[in-house]
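Me: Please take a close look at one part of this model, the packing of its interior, and then work outward from there in one connected account. I would like each step of the reasoning to be stated with care.

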Amino acid sequence: MANEQNLIPLNKRSKAEQRAIQSKAGKASGIARKRKKSMREAAQLLLSMTPTDEIMEELKRMNFKKIDCDNSLALVVAMFQESLKGSVKAAEFVRATAGEGPGAGSISSEADNDPLTKSMYEAVQDGTIEKAGADPDVPEK
């Protein structure tokens, strides 16, 4: 590395230099924590807000009570609808949000990189195999 000789370990610096470096790091850490907290609060505010009239009508058509309708519900419904269209990431999000499955609590892209999962998804898409729960005696619409 080009700058490796310029790096001086903290324990080889004077006490004053150590304090100055640690003070800068502490201040930067505090700023980063405040920024993350603000982003978290903004996201929570957006999720708790009432959805637009168009989205509210969609939720009412799905028999959700008006009191239960907020943007977090709309987000879960949208992700659920995307998962029904075949989005693996959306399905993982819905399952993790519901607290189910092996990826509960964390969303990963392992399924995207898994050749078996990918080939099964492609087989369902091209009709080589049927979707789970599909009744072979009932024609699809």
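Reply: Val 77 touches Leu 59, Met 62 and Phe 64, once residues up to four places away in sequence are set aside. This is a predicted model, and the contacts described here should be read in that light. Two of the residues just named, Val 77 and Leu 59, belong to the largest nonpolar core, whose six residues also include Met 56, Cys 69, Leu 73 and Ala 74. The elements that supply two or more residues to this core are α2 and α3, and α3 gives the most, with three residues.

The loop that joins these two helices deserves a word of its own. Helix α2 covers residues 53-61, and Asn 63 sits in the loop between α2 and α3. Although Asn 63 is not a glycine, its phi is positive, at about 70°. Asn 63 counts as exposed because its relative accessibility is 69%, where the cut-off for that class is over 50%.

Helix α2 also carries a salt bridge, in which the side chains of Glu 57 and Lys 60 meet at 3.8 Å, N to O. Because Glu 57 and Lys 60 are three residues apart in α2, about one helical turn separates them. An α-helix has 3.6 residues a turn, so residues three or four places apart point the same way. Both partners are partly exposed, Glu 57 with a relative accessible area of 40% and Lys 60 with 37%.

On the other side of the core, helix α3 leads on to α4, and Ser 83 in α3 is a useful place to follow that passage. With a relative accessibility of 17%, Ser 83 counts as buried, since that class takes in values under 20%. The side chain of Ser 83 reaches back to the backbone oxygen of Phe 80, at 2.6 Å, and, leaving out residues up to four places away in sequence, Ser 83 touches Ala 90 and Ala 91. Of these two contacts of Ser 83, Ala 90 is among the buried residues of α4, together with Glu 92, Phe 93, Val 94 and Ala 96.

Ala 90 is also the partner of a second serine. Ser 87 lies in the loop between α3, residues 71-84, and α4, residues 88-98, and at the start of α4 a side-chain oxygen of Ser 87 comes to within 3.1 Å of the backbone nitrogen of Ala 90. Ser 87 is partly exposed, because its relative accessible area is 27%, whereas Ser 83 counts as buried. Just beyond the far end of α4, Gly 99 takes a positive phi of about 80°.

Away from these helices, α1, which spans residues 15-48 and contains Leu 46, adds to the account of the surface. Leu 45, Leu 46 and Met 49 together make a nonpolar surface patch of about 290 Å². In the same helix α1, Lys 37 and Glu 41 are four residues apart, which means that about one helical turn separates them. Lys 37 and Glu 41 form a salt bridge, with their closest N and O atoms 4.0 Å apart, and each is partly exposed, at 45% relative accessible area for Lys 37 and 42% for Glu 41. A further salt bridge joins the side chains of Glu 17 and Arg 13 at 3.9 Å, N to O; here too the partners are partly exposed, with Glu 17 at 39% relative accessibility and Arg 13 at a relative accessible area of 25%. The structure holds five salt bridges, these among them.

The chain as a whole gives the setting for the interior described above. The protein chain has six helices and zero strands, so that its elements run α-α-α-α-α-α from the N terminus on. Of its 141 residues, 13% count as buried. Among the contacts with a separation of 6 or more, 11% are between residues 24 or more positions apart. The accessible surface of the protein chain comes to about 11,700 Å², and carbon and sulfur atoms account for 57% of this area.

How values were computed. Residues are numbered from 1 along each chain as its sequence is written. Side-chain values use heavy atoms; hydrogens and water are left out. Buried means under 20% relative accessible area, exposed over 50%, partly exposed in between (1.4 Å probe, protein chains only). Patches are made of residues with over 30% relative accessible area and no salt bridge: like charges are joined within 9 Å, nonpolar side chains (Val, Leu, Ile, Met, Phe, Trp, Tyr) within 5 Å. Accessible areas come from the Shrake-Rupley method with a 1.4 Å probe; for residues, only the protein chains shown count as cover. A polar contact is a pair of N or O atoms within 3.5 Å; within protein, one must be able to donate a hydrogen and the other to accept it, and residues adjacent in sequence count only if both atoms are side-chain atoms. Contact means heavy atoms within 4.5 Å. A nonpolar core is a set of buried Ala, Val, Leu, Ile, Met, Phe, Trp, Tyr and Cys residues joined through side-chain atoms within 4.5 Å.
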